[in-house]
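This report goes through one structure element by element. The sequence and the coordinates come first, and the description follows.

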Amino acid sequence: PAHLSAGDPRLVQHGAHQATVEFLESWTRRRWGPMAALTALQMGKSVTPVQVKADYAGEGLDDFRIDEVMEQSAAISHVHATLTINGETFHPALRWIFQGQQGDTKIPGHEQGSWKLLWWGSAHMKRDAPAEDEFG
């Protein structure tokens, strides 16, 4: 599995990096629909824009930086980021999974799917993950 850090040109090309940027840019613009579309199916159900708005409406994302992508397997990646939320800085690890339309795990480059955020709630964005990666 790859470990891509800032300065590695492959970092910005990684699908989980691109999905993270899209999720975080949507958050800065308070676009709940695109954020919901980037979340993983939970027990076969999609997260709705109303759910995302209810959780994120009081949380302003002032700034963000993607620090690294750590592949755990072909279909699971952790993206370490630096987020400034309501003036406070946090260093969460966002767990992404490559899923098909039915929520089944797929292999990027070999099967149809897209990167989806597993733990999407704002509380997860305000946790500092250990540098060695909290999910191991």
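## Thr-20 and its surroundings

Thr-20 has a relative accessibility of 0% and therefore counts as buried. The model is a predicted one. Thr-20 is located in helix α1, which covers residues 15–28. Once the neighbours within four places in sequence are set aside, the contacts of Thr-20 are Ile-66, Val-79, Leu-94 and Trp-96. Two of these names lead to the strands: Ile-66 has a bridge partner in β3, namely Ala-81, and Val-79 is one of the buried residues of β3.

## Strand β3 and its partners

Strand β3 runs over residues 76–85, and 10 of its 10 residues are buried, so the rest of the structure largely encloses this strand. In a regular strand, side chains alternate between the two faces of the sheet. In β3 both faces are covered. One side carries Ile-76, His-78, His-80, Thr-82 and Thr-84, the other Ser-77, Val-79, Ala-81, Leu-83 and Ile-85, and all of these are buried.

Which strands pair with β3, and over how many bridges? Strand β2 (residues 61–71) runs antiparallel to β3 and is joined to it by 9 bridges. A hairpin through 4 residues connects β2 to β3. Strand β5 (residues 93–99) also pairs with β3 in the antiparallel sense, over 5 bridges. Within that pairing, His-78 has Arg-95 of β5 as its bridge partner. Strand β4 (residues 88–90) is antiparallel to β3 as well, with 3 bridges between them. Here the bridge partner of Thr-84 is Thr-89 in β4.

The hairpin of β3 and β4 has 2 residues between the strands, and Asn-86 takes a positive phi there.

## Positive phi outside glycine

Asn-86 has a positive phi of about 50° although it is not a glycine. Asn-86 sits in the loop between β3 and β4. Its relative accessible area is 43%, so Asn-86 is partly exposed.

Arg-30 is likewise not a glycine, and has a positive phi of about 60°. The loop between α1 and α2 holds Arg-30. With a relative accessible area of 38%, Arg-30 is partly exposed.

## Aromatic pairs

The structure contains 3 aromatic pairs. Two of them are set out below.

| Pair | Centre to centre | Angle between planes | Geometry |
|---|---|---|---|
| Phe-23 and Tyr-56 | 6.1 Å | 75° | edge-to-face |
| Trp-27 and Tyr-56 | 4.7 Å | 80° | edge-to-face |

In the pair of Phe-23 and Tyr-56, Phe-23 belongs to helix α1 and Tyr-56 to helix α3 (residues 49–56), so the pair ties together parts that are 33 residues apart in sequence. The pair of Trp-27 and Tyr-56 links distant parts of the chain too, with Trp-27 in helix α1, Tyr-56 in helix α3 and their positions 29 residues apart in sequence. Through these ring pairs, Phe-23, Trp-27 and Tyr-56 are linked into a cluster.

Are the members of this cluster buried or exposed? Phe-23 has a relative accessible area of 0% and is therefore buried. Tyr-56 is at 0% relative accessibility and counts as buried. Trp-27, at 1% relative accessibility, counts as buried too. The cut-off for buried is under 20% relative accessible area.

## Arg-10

Arg-10 lies in the loop between β1 (3–5) and α1. At 46% relative accessibility, Arg-10 counts as partly exposed, because that class covers what falls between the cut-offs of 20% and 50%. The side chain of Arg-10 makes a polar contact of 2.8 Å with the side chain of Asp-8. Arg-10 and Val-69 are 59 residues apart along the chain, and their C-alpha atoms are separated by 9.8 Å.

## The largest pocket

The largest pocket has a volume of about 150 Å³. It is lined by 13 residues, of which Ala-37, Thr-39, Leu-41, Gln-101 and Lys-116 are the closest to its centre. Which elements give two or more residues to this lining? They are α2 (32–37) and β6 (114–117).

Terms used. Residues are numbered from 1 along each chain as its sequence is written. This is a predicted model: local features need pLDDT of at least 70, side-chain atom pairs count only at pLDDT 80 or more; totals for chains, interfaces and linings use all residues. Side-chain values use heavy atoms; hydrogens and water are left out. Buried means under 20% relative accessible area, exposed over 50%, partly exposed in between (1.4 Å probe, protein chains only). Contact means heavy atoms within 4.5 Å. Two strands pair if DSSP finds at least two bridges between them. Rings of Phe, Tyr and Trp (its six-membered ring) pair if their centres lie within 6.5 Å; planes under 30 degrees apart count as stacked, over 60 as edge-to-face and the rest as tilted. A polar contact is a pair of N or O atoms within 3.5 Å; within protein, one must be able to donate a hydrogen and the other to accept it, and residues adjacent in sequence count only if both atoms are side-chain atoms. On a 1 Å grid over the protein atoms alone, a cavity is a set of points where a 1.4 Å probe fits but cannot get out, and a pocket is an open set with protein on both sides within 12 Å along at least five of seven lines; lining residues have an atom within 4 Å of a point. Grid points are joined across faces, edges and corners, and a volume is the space filled by probe spheres set on the points.
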